[in-house]
Amino acid sequence: MSGPHDLPAIVQRAFDLSRRSGFVSFCRNETGRLLASLAASRQGTLAEIGTGTGVGAAWLRSGLAPGAHLVTAELDARLADTAAGVFAGDPQVEVLAADWQSLVERGPFSLLFCDSSLAEASNPATLAELVEPGGVVVVDDFVATTTWPPLVDGRVDTLRQAWLTHPDFVASQVLVTEDAAVVIASRR
(Lines give C-alpha, C1' and ligand atoms only; values in the text may rest on other atoms or scores of the structure.)
Protein backbone atom coordinates (compact mmCIF):
# COMPACT_ATOMS: atom_id res chain seq x y z
CA MET A 1 0.00 0.00 0.00
CA SER A 2 1.39 3.42 -0.88
CA GLY A 3 1.23 6.45 1.36
CA PRO A 4 0.90 10.20 0.77
CA HIS A 5 4.67 10.71 0.81
CA ASP A 6 5.48 8.07 -1.80
CA LEU A 7 7.08 9.40 -4.96
CA PRO A 8 5.76 8.73 -8.45
CA ALA A 9 7.82 5.97 -10.10
CA ILE A 10 9.34 8.34 -12.70
CA VAL A 11 10.45 10.73 -9.92
CA GLN A 12 11.99 7.89 -7.92
CA ARG A 13 13.86 6.79 -11.06
CA ALA A 14 15.18 10.32 -11.57
CA PHE A 15 16.31 10.54 -7.93
CA ASP A 16 18.06 7.16 -8.19
CA LEU A 17 19.92 8.09 -11.38
CA SER A 18 20.77 11.51 -9.96
CA ARG A 19 22.29 10.03 -6.81
CA ARG A 20 24.28 7.46 -8.81
CA SER A 21 25.70 10.25 -10.96
CA GLY A 22 26.69 12.27 -7.87
CA PHE A 23 24.38 15.18 -8.72
CA VAL A 24 22.67 16.53 -5.61
CA SER A 25 21.03 19.76 -6.79
CA PHE A 26 17.39 19.24 -7.72
CA CYS A 27 13.96 20.64 -6.96
CA ARG A 28 12.34 19.89 -3.63
CA ASN A 29 9.50 17.41 -3.43
CA GLU A 30 7.15 20.22 -2.37
CA THR A 31 7.99 22.11 -5.55
CA GLY A 32 7.74 18.90 -7.52
CA ARG A 33 4.23 18.18 -6.34
CA LEU A 34 3.25 21.73 -7.32
CA LEU A 35 4.79 21.18 -10.77
CA ALA A 36 2.89 17.92 -11.23
CA SER A 37 -0.37 19.64 -10.30
CA LEU A 38 0.24 22.49 -12.71
CA ALA A 39 1.36 20.14 -15.51
CA ALA A 40 -1.88 18.18 -15.14
CA SER A 41 -3.83 21.33 -16.01
CA ARG A 42 -1.87 22.16 -19.19
CA GLN A 43 -2.10 21.01 -22.81
CA GLY A 44 0.36 21.49 -25.66
CA THR A 45 4.06 21.79 -25.00
CA LEU A 46 5.62 22.38 -21.59
CA ALA A 47 9.29 23.29 -21.15
CA GLU A 48 12.02 23.32 -18.56
CA ILE A 49 15.21 25.36 -18.55
CA GLY A 50 18.05 23.63 -16.71
CA THR A 51 17.24 19.92 -16.62
CA GLY A 52 20.04 18.82 -14.32
CA THR A 53 19.57 15.06 -14.08
CA GLY A 54 15.83 15.24 -14.69
CA VAL A 55 14.16 15.40 -11.26
CA GLY A 56 12.10 18.51 -12.05
CA ALA A 57 11.24 17.11 -15.47
CA ALA A 58 10.18 13.85 -13.81
CA TRP A 59 7.81 15.76 -11.54
CA LEU A 60 6.39 17.56 -14.59
CA ARG A 61 6.09 14.22 -16.42
CA SER A 62 4.25 12.66 -13.48
CA GLY A 63 1.41 15.14 -14.01
CA LEU A 64 1.65 15.53 -17.78
CA ALA A 65 -1.73 15.24 -19.52
CA PRO A 66 -2.19 12.69 -22.31
CA GLY A 67 -1.17 14.28 -25.60
CA ALA A 68 0.95 16.98 -23.94
CA HIS A 69 4.68 17.13 -24.58
CA LEU A 70 7.61 18.18 -22.38
CA VAL A 71 10.89 19.50 -23.75
CA THR A 72 13.75 20.23 -21.37
CA ALA A 73 17.15 21.78 -22.07
CA GLU A 74 20.40 21.18 -20.15
CA LEU A 75 23.69 22.81 -21.14
CA ASP A 76 25.89 20.16 -19.45
CA ALA A 77 25.89 17.21 -21.88
CA ARG A 78 26.73 14.70 -19.11
CA LEU A 79 23.73 15.77 -17.04
CA ALA A 80 21.49 15.84 -20.12
CA ASP A 81 22.57 12.27 -20.91
CA THR A 82 21.65 11.15 -17.39
CA ALA A 83 18.26 12.87 -17.70
CA ALA A 84 17.65 11.31 -21.12
CA GLY A 85 18.10 7.92 -19.43
CA VAL A 86 15.25 8.72 -17.06
CA PHE A 87 12.88 9.22 -20.01
CA ALA A 88 14.24 6.62 -22.43
CA GLY A 89 11.41 5.40 -24.66
CA ASP A 90 8.95 8.05 -23.44
CA PRO A 91 7.50 9.82 -26.50
CA GLN A 92 6.08 12.66 -24.37
CA VAL A 93 9.49 13.85 -23.09
CA GLU A 94 12.43 15.22 -25.04
CA VAL A 95 15.75 16.06 -23.37
CA LEU A 96 18.03 18.47 -25.22
CA ALA A 97 21.75 18.76 -24.51
CA ALA A 98 21.65 22.44 -25.34
CA ASP A 99 21.53 26.00 -24.10
CA TRP A 100 18.13 27.30 -22.94
CA GLN A 101 17.95 29.48 -26.06
CA SER A 102 17.40 26.32 -28.11
CA LEU A 103 13.87 26.36 -26.67
CA VAL A 104 13.03 29.70 -28.33
CA GLU A 105 12.17 28.10 -31.67
CA ARG A 106 9.99 25.49 -29.94
CA GLY A 107 7.72 27.89 -28.10
CA PRO A 108 5.40 29.30 -27.13
CA PHE A 109 4.85 26.99 -24.16
CA SER A 110 1.81 26.40 -22.01
CA LEU A 111 4.04 25.99 -18.94
CA LEU A 112 7.69 26.88 -18.43
CA PHE A 113 9.77 25.89 -15.40
CA CYS A 114 13.17 27.37 -14.56
CA ASP A 115 15.49 28.05 -11.67
CA SER A 116 15.98 31.58 -10.34
CA SER A 117 19.76 31.06 -10.33
CA LEU A 118 19.75 31.08 -14.14
CA ALA A 119 19.78 34.87 -14.19
CA GLU A 120 19.43 35.62 -17.91
CA ALA A 121 17.10 32.71 -18.57
CA SER A 122 14.82 33.46 -15.61
CA ASN A 123 14.25 37.13 -16.45
CA PRO A 124 10.53 37.87 -17.06
CA ALA A 125 11.23 40.11 -20.07
CA THR A 126 13.22 37.27 -21.64
CA LEU A 127 10.62 34.59 -20.96
CA ALA A 128 7.48 36.55 -21.84
CA GLU A 129 7.73 35.65 -25.52
CA LEU A 130 8.35 31.97 -24.73
CA VAL A 131 4.99 31.55 -23.01
CA GLU A 132 1.62 31.56 -24.73
CA PRO A 133 -1.11 33.90 -23.49
CA GLY A 134 -2.61 32.21 -20.44
CA GLY A 135 0.54 30.13 -20.06
CA VAL A 136 2.28 29.70 -16.72
CA VAL A 137 5.89 30.25 -15.66
CA VAL A 138 7.22 28.68 -12.46
CA VAL A 139 10.49 30.13 -11.18
CA ASP A 140 12.07 27.99 -8.45
CA ASP A 141 14.63 28.42 -5.68
CA PHE A 142 13.79 31.72 -4.09
CA VAL A 143 14.53 32.16 -0.40
CA ALA A 144 11.29 32.55 1.55
CA THR A 145 10.42 36.13 2.46
CA THR A 146 7.16 37.87 3.27
CA THR A 147 8.41 41.47 3.04
CA TRP A 148 7.67 44.03 0.35
CA PRO A 149 9.76 44.80 -1.43
CA PRO A 150 11.12 41.25 -1.18
CA LEU A 151 14.25 41.39 0.98
CA VAL A 152 16.92 38.70 1.28
CA ASP A 153 19.85 39.37 3.60
CA GLY A 154 18.77 43.01 3.85
CA ARG A 155 18.81 43.58 0.07
CA VAL A 156 15.96 43.79 -2.40
CA ASP A 157 15.57 40.60 -4.41
CA THR A 158 15.33 42.38 -7.76
CA LEU A 159 14.55 39.25 -9.81
CA ARG A 160 11.60 38.30 -7.61
CA GLN A 161 10.40 41.90 -7.60
CA ALA A 162 10.64 41.97 -11.41
CA TRP A 163 8.45 38.86 -11.67
CA LEU A 164 5.89 40.13 -9.20
CA THR A 165 5.52 43.48 -10.99
CA HIS A 166 6.13 42.69 -14.68
CA PRO A 167 3.29 44.01 -16.89
CA ASP A 168 3.18 40.87 -19.07
CA PHE A 169 2.39 38.61 -16.10
CA VAL A 170 0.07 38.24 -13.14
CA ALA A 171 2.33 36.69 -10.54
CA SER A 172 2.39 35.48 -6.98
CA GLN A 173 5.00 34.12 -4.64
CA VAL A 174 4.16 30.74 -3.10
CA LEU A 175 6.04 29.44 -0.07
CA VAL A 176 6.70 25.75 -0.66
CA THR A 177 8.49 25.27 2.67
CA GLU A 178 9.41 27.55 5.57
CA ASP A 179 12.60 28.57 3.81
CA ALA A 180 11.82 28.25 0.10
CA ALA A 181 9.49 29.93 -2.36
CA VAL A 182 8.57 29.83 -6.03
CA VAL A 183 7.03 32.51 -8.19
CA ILE A 184 4.09 31.43 -10.32
CA ALA A 185 3.31 33.82 -13.15
CA SER A 186 0.46 33.68 -15.67
CA ARG A 187 1.07 35.34 -19.04
CA ARG A 188 -1.44 38.06 -19.91
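What follows is a chat about how the helices and strands are arranged in this predicted model.

Biologist: Let's start with the sheet: in what order do its seven strands come?

Modeller: The seven strands make an open sheet with mixed pairing. At its edges sit β3 (93-97) and β8 (169-177), each pairing on one side only. Reading across, the order is β3-β2-β1-β4-β5-β9-β8.

Biologist: By how many degrees are neighbouring strands of this sheet turned against each other on average?

Modeller: This one ignores direction, and it's an average over neighbours in the sheet. The value is 15 degrees.

Biologist: And at the β8 edge, which residue of β9 stands opposite A171?

Modeller: β8 runs antiparallel to β9 (residues 180-187), and eight bridges join the two. Opposite A171, in β9, you'll find A185.

Biologist: Moving to the helices, how are α2 and α3 oriented to each other?

Modeller: Helix α2 (residues 29-40) and helix α3 (residues 55-63) pack with their axes 7 Å apart, at an angle of about 40 degrees. Roughly parallel would need an angle under 35 degrees. The pair is therefore oblique.

Biologist: Which residues of α3 make that contact with α2?

Modeller: The crossing is right-handed. From α2 come N29, G32, R33, L35, A36, A39 and A40. By class, the whole contact has six nonpolar, five polar and one charged residues. On the α3 side, the residues are G56, W59, L60, S62 and G63.

Biologist: Is α3 mostly covered or mostly exposed?

Modeller: α3 lies across β1 (45-49), β2 (69-74), β3 and β4 (109-115), running at about 175 degrees to β2. Its buried residues are V55, G56, A57, A58, W59, L60, R61 and G63, and they pack against α1, α2, β1, β2, β3 and β4. With eight of its nine residues buried, α3 is mostly covered.

Biologist: What about α1 and α4: how far apart are their axes?

Modeller: Helix α1 (residues 9-21) and helix α4 (residues 77-86) pack at an angle of about 145 degrees. Their crossing is right-handed. The distance between the axes is 9 Å.

Biologist: How many residues of the contact of α1 with α4 are charged?

Modeller: α1 brings I10, R13, A14, L17 and S21, while α4 brings R78, T82, G85 and V86. Four residues of this contact are nonpolar and three are polar. The number of charged residues is two.

Technical notes: Residues numbered from 1 in each chain as written. Predicted model: local features only at pLDDT ≥ 70, side-chain atom pairs only at ≥ 80, totals over all residues. Heavy atoms only, no water. Axes fitted to C-alpha atoms, helices over the stretch in contact; angles between N-to-C directions. Helix = DSSP H or I, 4+ residues; strand = E, 2+ residues; numbered from the N terminus. Left-handed = near helix turned anticlockwise from the far one by under 90°. Contact = heavy atoms within 4.5 Å. Nonpolar A, V, L, I, M, F, W, Y, C, P; charged D, E, K, R; others polar. Parallel < 35°, antiparallel > 145°, perpendicular 65-115°, else oblique. Pairing = 2+ DSSP bridges. Buried < 20%, exposed > 50% of the residue type's maximum accessible area, 1.4 Å probe, protein only.
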